[in-house]
There are 2 protein chains.
Amino acid sequence: VSGKRPALSGEDRLIARLFKPLAKHPGALALEDDAAFFSPPPGQDLVLTKDAVVAGIHFFAADPADAIARKALRVNLSDLAAKGADPAGFLLALALPSGVDDTWLDEFARGLGDDADTYRCPLLGGDTVSTHGPLTVSITALGTVPAGKMVHRAGARPGDRIFVSGTIGDAALGLKLRESVAAKQFAKLSEKARSHLEQRYLYPQPRNALASAVCDHASAAMDVSDGLVGDLAKLCRVSGVTATLQIADVPLSEAAASAINLEPSLLQTALTGGDDYEILCCVPQSAVPRWLDSAKASGVPVTQIGMIESGQDAPSWIGASGQAVGFGAGSFSHF
Amino acid sequence: VSGKRPALSGEDRLIARLFKPLAKHPGALALEDDAAFFSPPPGQDLVLTKDAVVAGIHFFAADPADAIARKALRVNLSDLAAKGADPAGFLLALALPSGVDDTWLDEFARGLGDDADTYRCPLLGGDTVSTHGPLTVSITALGTVPAGKMVHRAGARPGDRIFVSGTIGDAALGLKLRESVAAKQFAKLSEKARSHLEQRYLYPQPRNALASAVCDHASAAMDVSDGLVGDLAKLCRVSGVTATLQIADVPLSEAAASAINLEPSLLQTALTGGDDYEILCCVPQSAVPRWLDSAKASGVPVTQIGMIESGQDAPSWIGASGQAVGFGAGSFSHF
């Protein structure tokens with residue numbers, strides 16, 4: 001019996017070195033407790049979301065460590081934004097394979113901490129475990145909205161205008177580019193366009209700046225994570241409505257437009273591929289001018305792509321010459 | 001273009017079939033939204049905890065599916081109990097390998113739903129993803145305590161009496177039994193004792209019934225998950241104190257006592273092995289009578305095992321003949 005203070009375990013040292021600096025909320029108790037405490041300010045509801053990302057499924061194991069951390073947090077921040085909520089904090093469960101070294105962990109924590117600061121979303125707690133399988137990052141994010149004001153998926157009503165933020169399809173094309181670098185579809189694409197699409201896959205840009213405009217004006221909203229076509233169908237299904245969309249109105253980046261111009265079949269990839277992390281929302285006609293003003297003030301571009309209609313059918317996507325276009329399943333599903 | 005309502009994806013069907021019945025809280029929005037909403041009742045703080053379990057690390061992949069689900073939830077419920085908090089709900093991230101079939105999933109959901117009812121902890125939301133690796137279950141549990149009353153690890157003061165709930169070491173011995181069925185250490189153990197130890201490993205019994213007694217009377221508390229010796233050292237470290245413990249006072253089940261009687265080296269396993277999910281707490285001397293009354297009313301047995309003292313040294317464990325006993329690292333660590 002030495003009688004000396006025992007050394008911290010490897011796990012405790014790892015948490016203290018990497019993650020304690022991110023635990024800036026007093027309720028995190030410097031990550032030295034079993035649990036965190038948190039209470040939304042009076043008059044605010046708590047909004048909770050939980051998305052997990054797995055190496056080989058949601059990202060490539062060889063992606064930069066900071067990009068993996070940022071994506072794991074940002075896919076959750078995107079859900080909060082779509083609900084009209086402001087980020088309040090997050091909990092992290094990290095399952096680490098044995099090959100991960102200190103340099104990788106430092107970069108992971110740096111990316112995570114940088115985003116936690118940028119999005120004002122401090123680390124509240126979590127768990128670090130080992131795994132014999134791929135790196136897995138499970139984050140639970142907390143946000144706040146004025147009581148009763150969370151924007152649901154199910155609120156769309158006939159006549160509402162349908163908007164999306166930013167541009168659609170970049171990340172899905174970026175993923176396709178990485179999976180088939182030699183494919184002739186991308187052979188003529190400029191280096192700049194390739195880089196744009198790849199970066200959009202690696203680094204989603206959650207639209208938290210748009211959250212208060214969504215909260216104030218949207219009747220229904222969700223983030224586009226599994227493909228615009230499929231996600232819109234989900235929103236319509238839970239709202240008990242249908243919709244008509246103009247494909248030509250869907251906002252595309254210059255890079256995505258170039259790729260689709262070179263290979264028209266990539267339009268389907270763009271509209272159904274997923275990983276956009278843009279906001280899809282419905283706005284009553286009377287609120288559209290104020291919505292557009294608020295969106296403009298937020299600095300996030302938004303584009304009207306169609307209208308909600310009465311009915312139970314699948315949404316109709318209308319092509320440039322007025323014909324209906326089909327997209328099959330239209331959505332990414334794990335199973 | 002069929003014009004018909006599109007079928008749900010496999011992922012959506014799986015969630016609707018298995019998990020929607022567990023989403024009894026209105027804030028879960030029947031799992032048909034990106035996020036859940038929840039607010040603690042006025043005058044209550046929210047307590048948040050997140051523990052992940054991985055096949056091959058925290059449980060055996062061949063364990064019963066319901067046991068895996070229950071353990072994943074109960075390790076989190078145990079954290080809430082140790083903080084004096086009542087369960088309020090949970091979020092689930094489930095990473096499923098491809099070999100998992102419907103029968104397994106049904107049993108998993110049945111165990112999870114059964115526990116959600118028993119512990120009044122409804123499913124609020126989550127994420128179901130595929131993985132090329134082992135089954136991984138990451139749960140974030142929410143609890144509530146009267147505002148400002150969460151019991152911290154760091155509150156132990158010299159003179160406080162140290163208590164543990166239930167019995168210590170059963171799960172660690174149960175694990176050892178499974179890992180070395182043929183070992184001579186266990187050869188003479190009765191079938192009943194073997195079964196008791198194995199069940200305690202498979203099905204932790206979180207002490208949520210003791211939460212209000214802990215909240216009302218404990219100065220510091222944590223749950224025993226990484227081994228009593230190591231966890232007590234952590235509690236002392238963050239509280240800035242030390243402690244003296246009587247090994248003979250540590251409560252053992254009949255089965256654990258039999259095993260240790262047959263093979264005295266198993267005492268170390270019992271005291272350092274982990275997976276107990278009992279509550280370790282400190283109670284000021286003046287509060288001990290009321291604490292014991294409250295604990296008795298809860299139906300959870302508690303046992304005094306030592307006392308907090310001034311100092312920075314590692315806690316002292318005293319053997320039957322008054323000698324100090326050392327335990328090495330004393331705690332499970334993933335790294």
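How much area is buried between chain A and chain B? In this predicted model, the figure is about 6300 Å², and carbon and sulfur atoms give 58% of that. Let's walk through it.

**Start with both chains.** Color chain A and chain B separately. A turn of 180° with a shift of 0.0 Å along the axis lays chain A on chain B, with an RMSD of 0.0 Å. The two copies are thus related as by a two-fold rotation axis. The same surface serves both of them: 100% of the contact residues of chain A recur in chain B.

**Now find the axis.** Select Gly133(A): of the residues of chain A, Gly133(A) comes closest to the rotation axis, with its C-alpha at 2.1 Å.

**Next, show the contact residues.** You should have 79 residues of chain A in contact with 79 residues of chain B.

**Zoom in on the charges.** Pick Asp34(A) and Arg153(B), whose side chains meet in a salt bridge at 3.1 Å, N to O. Across the interface of chain A and chain B there are 10 salt bridges, and 30 residue pairs are in polar contact, both residues at pLDDT 80 or more. On the side of chain A that touches chain B, the residues divide into 39 nonpolar, 22 polar and 18 charged.

**Finish with the strands.** Select residues 44-54 of chain A. This is strand 2, and with 10 residues it gives the largest share of the side of chain A that touches chain B. Then select strand 1 of chain A (residues 36-38) with strand 2 of chain B (residues 44-54): the two run antiparallel, joined by 3 bridges. For one bridge pair, click Phe38(A), whose partner in strand 2 of chain B is Leu46(B).

Terms used: Residues numbered from 1 in each chain as written. Chains lettered and ligands numbered in written order. Predicted model: local features only at pLDDT ≥ 70, side-chain atom pairs only at ≥ 80, totals over all residues. Heavy atoms only, no water. Least-squares fit on C-alpha atoms with pLDDT ≥ 70 in both. Contact = heavy atoms within 4.5 Å. Buried area = accessible area lost by both parts, 1.4 Å probe. Salt bridge = Lys/Arg side-chain N within 4 Å of Asp/Glu carboxyl O. Polar contact = N/O pair within 3.5 Å; in protein donor to acceptor, adjacent residues only side chain to side chain. Helix = DSSP H or I, 4+ residues; strand = E, 2+ residues; numbered from the N terminus. Nonpolar A, V, L, I, M, F, W, Y, C, P; charged D, E, K, R; others polar. Pairing = 2+ DSSP bridges.
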